[in-house]
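Me: I've got a model open and a pile of labels I'd like to poke at. Can you walk me through what stands behind each one?

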Amino acid sequence: AAIVEALEPRMNGEDMDKLEEFKNLNPPIDLVEGAEMEMTIRGNVMLYKNSIGGVGQIESEVFCKALCDVYYGDEAVSPGHKEQVLKGVAAM
């Protein structure tokens, strides 16, 4: 999956088993347009809900920091998403 490819280099070889855990949280089906997944970061724990409602969590500071960097770092995979989140936080 593309997200795993984005996470891997950001993890610098640490806690790489968490990538396999993340893959296993997702069903072996193709995502359809409009499919939603929910990720919540609380410290070193990512709470996850996959596209068909399955839930799980991954406990790893390295994984959580890498995931935050994917979406909110200097080279965010979706700059538009990053901007909208920052605007929303500033408006709170």
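Reply: Sure. Start with the word "buried": a residue earns it with under 20% relative accessible area, while over 50% makes it exposed and anything in between is partly exposed. Keep in mind that this is a predicted model.

Me: OK, so why is C64 called buried?

Reply: C64 has 2% relative accessibility. The cut-off is under 20%, so C64 counts as buried.

Me: And what makes C68 partly exposed?

Reply: C68 comes in at 31% relative accessibility. That value sits between the 20% and 50% limits, so partly exposed is the label for C68.

Me: How do you know whether the sulfurs of C64 and C68 are bonded or too far apart for a bond?

Reply: A disulfide needs two cysteine sulfur atoms within 2.5 Å. The closest cysteine sulfur to that of C64 is in C68, 6.8 Å away, so that is too far for a bond. Going the other way, C68 has its closest cysteine sulfur in C64, again at 6.8 Å. By this rule the count is 0 disulfides.

Me: Let's zoom out. What makes the chain as compact as a globular protein of its length?

Reply: The chain holds 4 helices and 3 strands, running α-α-β-β-β-α-α from the N terminus. Its radius of gyration is 13 Å, and the globule rule gives 12 Å for 92 residues; the two are close, so the chain is as compact as a globular protein of that length. Along the principal axes, the C-alpha trace spans about 35 × 30 × 20 Å. Buried residues account for 25% of the 92.

Me: Why say that the buried residues of α1 line one face?

Reply: Those residues are I3, V4, A6 and L7. Looking down the axis of α1, they fall within an arc of 160°, so they line one face of the helix. The general background is that an α-helix has 3.6 residues a turn, so residues three or four places apart point the same way. On α1, the face turned away from the buried side carries the exposed residues A2, E5 and P9. The cover over the buried residues of α1 includes α2, β1 (38–42) and α3.

Me: How do you know that the buried residues of α2 are on the same side?

Reply: In α2 (residues 17–24) the buried ones are K18, L19 and F22. They cover an arc of only 105° around the axis, which puts them on the same side of α2. They pack against α1 (2–10), β2, β3 and α3 (61–72).

Me: What about the loop between β2 and β3: why is N50 there called buried?

Reply: N50 has a relative accessible area of 7%. With the limit at under 20%, N50 is therefore buried. Leaving aside neighbours within four places in sequence, N50 contacts L25, N26, P27, E36 and M37. A polar atom of the N50 side chain also lies 2.8 Å from the backbone oxygen of L25.

Me: And what makes S51 partly exposed?

Reply: S51 is in the loop between β2 and β3 too, with a relative accessible area of 24%. That is past the 20% limit for buried but not over 50%, so S51 is partly exposed. With neighbours within four places in sequence left aside, the contacts of S51 are P27, L31, A35, E36 and M37.

Note on methods:
Residues numbered from 1 in each chain as written. Predicted model: local features only at pLDDT ≥ 70, side-chain atom pairs only at ≥ 80, totals over all residues. Heavy atoms only, no water. Buried < 20%, exposed > 50% of the residue type's maximum accessible area, 1.4 Å probe, protein only. Polar contact = N/O pair within 3.5 Å; in protein donor to acceptor, adjacent residues only side chain to side chain. Contact = heavy atoms within 4.5 Å. Helix = DSSP H or I, 4+ residues; strand = E, 2+ residues; numbered from the N terminus. Arc of directions from axis to C-beta. Rg over C-alpha atoms; globule rule 2.2 N^0.38 Å.
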